Amino acid sequence: MQLSFSLPCMEESGHELCFLSSPNHDRRVGCNINGDIYVSQNWKGWEVWRFIKDESSGHFIITSWTHDKKVLCSGPDGRVFTTENKEGSWEKWRIVPHPKFEGLRIESVEHDRFLSFSGQDLHTKKKEVDTAWYIEPAHGNHFFISATSHDERLSSSNEHPFTSKNRKSWEKWIVEPTNEKIGQYTIRSMEHGKYLGAEKNDKIIVSENKQLWTIGLSTQEGGGYLILSTEYDRRLTLDENGNLHTEEVGDSNVTWQLEAVLPHTVSGKQIWSWVGAGVCSTILAVAMPFAVMGVVGAMGFGAGGIAAGSMGAGMMSAEAIAAGGGIAAGGTVATLQSIGAVGLGLAGTSMAVGAGAATGGLVSFGVIKATKFGTEHERIAIDEPEKHLPLCSWRLWQ
């Protein structure tokens, strides 16, 4: 069987969602609540950018994913800032493989200046020094791995793997490409740091040792992906009781879905709407966090995710069906999960405004086809790799 697969990128209305990362300094470019550019170590929602490509010229407009009216812009003096003008010449960027270093070169089309980070300031300059950038997918290669025909996720303790109906921390996996051969990956537990592996007797294990898995698109009705042990050429599957094992490729029809886990984010509009609600009643703002946290926790919304079999899980399923498979990041389920995950009521949200990005992101229990901010945005969807090699697959560009 010949399998070819590149990890799905995250797209919104056909535009890629990615982190813009400086490999020399391990920093990401972000856009804060005021629309100001900053650089940090975070991999969160405010560091995600939307890359809008003009197919006729090949140039890009780069907008903030969370604060989507803000557009990355370069001035003739080297300043880098944001505007709300998507039609201007200062907002257009050229992205090509760097001729000298690993990574990409990002150049202002109007000013012929290269995006650069000195370790303190983001700016553009004429010289091609320190201008190599990595563009990484917004999901950070973090996935829930779900059996297509079962309501089961691949999960793991520190000792052994199993399946679960949860979508919590133990069910999150980092699927890392080898960058040596398309379609071969390691699968590592995000919570425990151990790698998924297979043994000759078809047993599935987790260990400190890397094992390669070959992931490819299934041709079966219903779609999904096949996950094969590269060493043994046997597919990952599960029985009717949810027990994991490997078997010959043709022995079953079990396929898997990669549900991308998006970073946490919160927009200025959401913050101020929550703060406004708190200002309306000071007493309520003080008392609500304690009442809210108790109720939200009892519903199944917690720091680790949404508990299987809880009222929250039922709400999530109902909302996903109503939305055509996704969870609205500004909707009821996402908001309740935000409160449960971070532990903030209305008063806590008010404090978060003063703290800025220090508290991190608040929302986005995101998976593939998740919507952001309700009906104000188009749906996010995977674009399959055979259509093109996206920006986040720049390492595979020829």
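**Rings, salt bridges and loop contacts**

Biologist: Is Trp394 buried or exposed?

Modeller: This is a predicted model. Trp394 has a relative accessibility of 7%. The cut-off for burial is under 20%. Therefore Trp394 counts as buried.

Biologist: How many aromatic pairs does a search of the whole structure find?

Modeller: The rings are judged in pairs, and centres must lie within 6.5 Å. Searching the whole structure on that basis gives a count of 4.

Biologist: What kind of aromatic pair do Phe19 and Trp43 form?

Modeller: Their centres are 5.0 Å apart, and the planes meet at 80°. An angle over 60 degrees is the mark of one class. The Phe19–Trp43 pair is therefore edge-to-face.

Biologist: How many residues apart are Phe19 and Trp43?

Modeller: Phe19 belongs to strand S2 (residues 15–22). Trp43 sits in the loop between S4 and strand S5 (48–53). The pair links distant parts of the chain, and the separation is 24 residues.

Biologist: Is Trp43 buried, exposed or partly exposed?

Modeller: Its partner Phe19 is buried, at 2% relative accessible area. Trp43 has a relative accessibility of 40%. The middle class runs between 20% and 50%, so Trp43 counts as partly exposed.

Biologist: What are the rings of Tyr134 and Trp394 to each other: stacked, edge-to-face or tilted?

Modeller: The centres of the Tyr134 and Trp394 rings are 5.0 Å apart, with the planes at 40°. Stacked needs under 30 degrees and edge-to-face over 60. The angle satisfies neither, so this pair is tilted.

Biologist: How far apart in sequence are the parts that Tyr134 and Trp394 tie together?

Modeller: Tyr134 is in strand S13 (residues 132–137). Trp394 is in the segment after strand S29 (380–383). The pair therefore ties together parts whose separation in sequence is 260 residues.

Biologist: Which residue of S4 does Gly30 stand opposite?

Modeller: Strand S3 (residues 27–31) pairs with S4 in the antiparallel sense, over 4 bridges. S4 covers residues 37–40, and its covered face holds Tyr38 and Ser40, while Ile37 and Val39 are on the uncovered one. Across from Gly30 in S4 is Tyr38.

Biologist: Which residue in the turn of the S3 and S4 hairpin has a positive phi?

Modeller: The hairpin has 5 residues between S3 and S4. A phi of about 85° is found in this turn, and the residue is Gly35.

Biologist: Which side chain meets Asp26 in a salt bridge?

Modeller: The structure holds 10 salt bridges. In one of them, Asp26 has an N to O distance of 2.9 Å to its partner. Asp26 is partly exposed at 42%, whereas the partner is buried at 1%. That partner is Arg28.

Biologist: How far apart are the closest N and O atoms of Lys165 and Glu152?

Modeller: Lys165 is partly exposed at 45% relative accessibility, and Glu152 is buried at 15%. They form a salt bridge, for which the limit is within 4 Å. The closest N and O atoms are separated by 3.4 Å.

Biologist: Which residue forms a salt bridge with Glu176?

Modeller: Glu176 is partly exposed, at 25% relative accessible area. The bridge spans 2.9 Å, N to O, and the partner is Arg188. Arg188 lies in strand S19 (residues 184–189) and Glu176 in strand S18 (residues 172–177), so the bridge ties together parts 12 residues apart in sequence. The name you asked for is Arg188.

Biologist: Which backbone nitrogen does the side chain of His98 reach at 3.2 Å?

Modeller: His98 sits in the loop between strand S9 (92–97) and strand S10 (104–108). His98 is buried, at 7% relative accessible area. Its side chain reaches the backbone nitrogen of Lys100 at 3.0 Å. At 3.2 Å, the backbone nitrogen belongs to Phe101.

Biologist: Which backbone oxygen lies 3.0 Å from a polar atom of the side chain of Lys126?

Modeller: Lys126 is placed in the loop between strand S12 (122–125) and S13. Leaving aside neighbours within four places in sequence, Lys126 contacts His111, Asp112, Arg113 and Phe114. The backbone oxygen at 3.0 Å is that of His111.

Definitions and conventions. Residues numbered from 1 in each chain as written. Predicted model: local features only at pLDDT ≥ 70, side-chain atom pairs only at ≥ 80, totals over all residues. Heavy atoms only, no water. Buried < 20%, exposed > 50% of the residue type's maximum accessible area, 1.4 Å probe, protein only. Helix = DSSP H or I, 4+ residues; strand = E, 2+ residues; numbered from the N terminus. Pairing = 2+ DSSP bridges. Polar contact = N/O pair within 3.5 Å; in protein donor to acceptor, adjacent residues only side chain to side chain. Phe/Tyr/Trp six-rings, centres within 6.5 Å; stacked < 30°, edge-to-face > 60°. Contact = heavy atoms within 4.5 Å.
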